[in-house]
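This report looks at the empty spaces inside one protein and at the way some of its helices pack together. Please keep the model open beside the text while reading.

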Amino acid sequence: MSKDKKLTFAQIHNGNIFGSDFNELKDNNGTIVFKHQNQANGGIAVIYAPNGTGKSSLAKVLGSQGSSGECGFIAKDDVGNEITPESGVFHIVADQIQRHIIQGDESQYLVGKEIRREYELKKRIGDGFNRVFKDLLPSTYKKNYGLSKVKDPLLKQLERIDSQAYKYVYSIVNRNQKGDDIDRTEFIEYIKELGNRPNIESIDDGEKQFIIQDYSGSCIIERLLSVDVSSIKKNAEIKTIEQHSDAIGILRKYHSLKSCIVCDNDDFDGDSLLHKKEAARKSIYDSLDKKTKDLLENAVMDSSIKDNDPFDIKRVVIDFIENGDPTNFEKLREQLHNRITNICHEMILALIDCFSDTTMLADFDELAKIRESDPVLDSDDLLFIQEVISENIDRDIKVVREEDNERNFVLMLGDSPLLNVDRDDMHLSTGEQNFISLAFELLLAKNGNKEYVVLDDPISSFDSIYKNKIAFCIIKFLENKKQIVLTHNIDLIRLLHVQMKDSYYLYILNNTDGGNNGFIRIEDKEKNLLISLSDLVKLFQAKGGDLLSAIKDKRHFLMAMIPFIRGYAHICQDPDDYYGALSNIMHGYNDSKINVAGIYDYFFGDVFGEAEEISTEDILAVDCNCLDFFDSNMYPLLAETLRQSLIYYYLRMKVEKTLVEVFNISIKDDDIVLLNQIIMKAFSCSDENDPEFEYKRACRVFFASRKTLLNEFNHFEGNMNIFQPAIDISPVKLMKEVDDIELKLSEIKERYGE
């Protein structure tokens with residue numbers, strides 16, 4: 001049973017970049033299968049996408065965080081789960097040249113059993129403290145004890161009982177601090193110390209609420225506790241003050257009545273009686289000393305205890321003043337003191353038990369134990385950092401623990417931090433900067449929680465040494481991820497195979513009007529043609545019969561093969577100088593004709609058997625719009641390669657012939673003049689005052705910048721990689737280049753004549 005996983009896209013859109021076929025992809029063309037690797041849980045799918053087909057746009061779509069009318073996709077995995085941008089399952093590894101810093105923190109890059117556990121504990125502990133200091137305890141203290149600011153009087157009572165607990169609660173209820181200034185290790189040690197745990201007595205809830213409300217308002221209790229009993233003088237008439245006060249209250253309300261509201265006496269002078277009572281009360285009150293007056297006013301006469309006096313404060317205070325015996329008054333104060341202490345103990349207990357429903361204490365102990373040792377990476381990450389990255393930049397990368405650093409671990413490049421540092425400050429070459437940036441992006445992808453990793457041309461900016469290392473990293477360090485490797489570089493396809501044979505499935509991203517669009521699977525027999533020159537030669541030798549079955553037009557096929565045969569002749573024994581004969585027919589200014597079929601049979605065996613002469617004029621007569629000479633169902637990649645190679649061949653010949661003829665460029669017999677030399681001769685103009693100066697300069701730039709005319713193309717350099725860079729351009733852009741070049745040549749002929 002196959003362990004390969006698949007991803008099937010129903011639709012992909014990004015503005016007008018993808019054709020209408022991508023709005024409703026067929027199952028076959030919308031499916032990507034990830035080649036399972038026996039030693040791992042992931043798999044690889046390589047998608048070959050010539051420039052201009054939407055490769056980077058596809059990466060952008062998959063990396064989007066939300067669907068919109070302009071950008072989005074719908075897909076399903078192999079078990080039927082729907083995947084959209086909102087699913088957030090793709091980690092995108094994009095162009096490293098644009099990354100000026102390696103972003104993130106060490107926890108995203110470093111994986112080791114203890115390191116992973118340390119970060120887990122650290123996060124859990126941090127979250128736990130935030131929950132307790134910023135939510136649980138502030139809410140508890142406000143709801144249960146009326147504490148919401150640092151000036152609350154009850155908080156001062158806590159300071160008297162436990163100065164350390166007071167410091168913690170003070171910070172927690174302080175809106176500017178909310179516990180941020182509390183030393184967490186010290187706090188944990190405090191709540192773990194059994195001696196700090198207070199004894200709690202059960203107290204009447206009414207009494208408790210009275211004390212809390214009093215400390216939030218009148219503070220009668222605070223004044224009672226501060227009284228010097230020896231300064232209070234006995235006054236036997238004190239009760240009459242209260243009696244007179246009650247009578248005065250009634251008289252003030254009913255003094256205007258004609259009869260007494262109490263006894264119905266008609267002989268009633270309310271105003272006179274009110275005046276008499278007020279005078280009597282004043283006489284007694286004036287006879288009290290100041291401290292007794294203060295006690296009376298701040299306790300007995302306070303309105304807050306009129307209807308709520310669970311400690312019977314009013315009666316106890318009046319009795320004390322009346323008879324001068326402080327016994328019951330002292331008992332009251334002791335009772336209040338004990339209740340306050342008990343309430344403060346409850347607040348302390350809330351502090352001590354704030355983590356009782358969590359594993360905080362055990363987590364803290366475990367974290368402290370882990371921190372006693374140096375950080376240790378898992379073997380894979382250690383190998384990746386030390387053997388792959390450090391080796392290639394000749395600079396040590398190490399992991400150090402910084403106790404004052406909230407992140408705890410710091411990745412160091414030599415003696416300087418690595419992450420979140422401008423690349424120029426690393427003092428590395430551009431290649432080293434790009435490599436270390438990509439390497440850590442791969443490490444980030446490896447250790448992240450995303451199921452899929454999308455790599456957008458990961459080796460495009462690297463030399464051959466780095467390319468091979470990156471291929472190794474992709475195979476080895478992302479082996480547990482499902483990888484979509486997007487590339488227009490055939491080298492990467494080969495290098496991945498070199499690192500591990502049969503490690504991926506290969507697709508072409510096709511996105512052309514009227515084409516077979518989507519992800520087109522390249523079968524292994526054609527994939528091997530890209531990877532192995534010997535397999536490609538065997539095909540051209542017609543071994544197995546596939547070649548002749550695939551050829552739909554022998555003449556066009558042989559034309560398209562001329563550049564490759566020329567390169568092949570260059571590395572083979574060639575006593576008849578077929579290399580020279582093929583070179584002559586590859587320049588538009590020559591008038592040559594050769595038996596291409598005969599030369600083909602000489603190098604690849606008796607394939608065609610009969611002559612097929614092809615001339616320079618035959619190549620120049622090619623119609624680029626009518627080229628269908630190789631079976632694209634059997635060999636889609638090779639068919640497109642041959643078609644585009646012939647178009648490149650035709651265009652170069654056409655430009656050479658036109659410029660040589662229009663500008664009468666002299667070329668000696670048996671002399672090979674390169675296209676760039678012809679361009680420079682045709683549009684030579686050094687006099688800025690010449691009216692043709694700007695036009696000729698524009699023409700030089702135009703022809704020198706055409707992708708199809710650049711010197712490095714394989715059929716002019718003898719490069720035996722027939723696939724690269726011949727199909728490094730989308731069919732649509734290639735045909736536009738054909739039209740542009742032919743239009744420019746017509747313009748030049750009209751301007752300068754032939």
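## A small enclosed space

In this predicted model, the second largest cavity has a volume of about 50 Å³, and it is one of four cavities of 30 Å³ or more that the structure holds. Its lining is made up of L62, G63, S64, Q65, F73, T84, P85, G88, V89, F90 and K450. When these lining residues are sorted by class, five are nonpolar, five are polar and one is charged.

Spaces of this kind are found in a simple way: rolling a probe the size of a water molecule over the atoms shows where empty space is left.

## The largest pocket

The largest pocket has a volume of about 980 Å³. It is lined by 41 residues, and those closest to its centre are N510, N516, S632, P636 and E640. The classes of the lining residues are 21 nonpolar, twelve polar and eight charged.

Several helices and strands take part in this lining, since at least two residues each come from α1 (27-30), β2 (31-36), β12 (505-510), β13 (518-522), α27 (636-662) and α31 (731-752). Which element gives the most to the lining of the largest pocket? That element is α27, with six residues.

## Helices α21 and α23

Two packed helices are described by the angle between their axes and the distance between the axes. For helix α21 (residues 533-540) and helix α23 (residues 554-571), the angle is about 135° and the axes lie 13 Å apart. Because of this angle, α21 counts as oblique to α23.

The crossing of α21 with α23 is left-handed. On the α21 side the contact is made by L533, L536, V537 and F540, while α23 brings F557, M561, F564 and Y568. In this contact of α21 with α23, eight residues are nonpolar, and there are no polar and no charged ones.

## Helices α28 and α29

A second pair is formed by helix α28 (residues 675-682) and helix α29 (residues 693-704), which pack at an angle of about 165° with their axes 9 Å apart. Angles over 145 degrees count as roughly antiparallel, and therefore α28 is roughly antiparallel to α29.

Is the crossing of α28 and α29 left-handed or right-handed? The crossing of these two helices is right-handed. Its contact is made by I679, M680 and A682 of α28, together with K696, R700, F703 and A704 of α29. By class, the contact of α28 with α29 has five nonpolar and two charged residues, with no polar ones.

Note on methods:
Residues numbered from 1 in each chain as written. Predicted model: local features only at pLDDT ≥ 70, side-chain atom pairs only at ≥ 80, totals over all residues. Heavy atoms only, no water. 1 Å grid on protein atoms, 1.4 Å probe; cavity = no way out; pocket = protein on both sides within 12 Å on 5 of 7 lines; lining within 4 Å. Points joined across faces, edges and corners; volume = space filled by probe spheres on them. Nonpolar A, V, L, I, M, F, W, Y, C, P; charged D, E, K, R; others polar. Helix = DSSP H or I, 4+ residues; strand = E, 2+ residues; numbered from the N terminus. Axes fitted to C-alpha atoms, helices over the stretch in contact; angles between N-to-C directions. Parallel < 35°, antiparallel > 145°, perpendicular 65-115°, else oblique. Left-handed = near helix turned anticlockwise from the far one by under 90°. Contact = heavy atoms within 4.5 Å.
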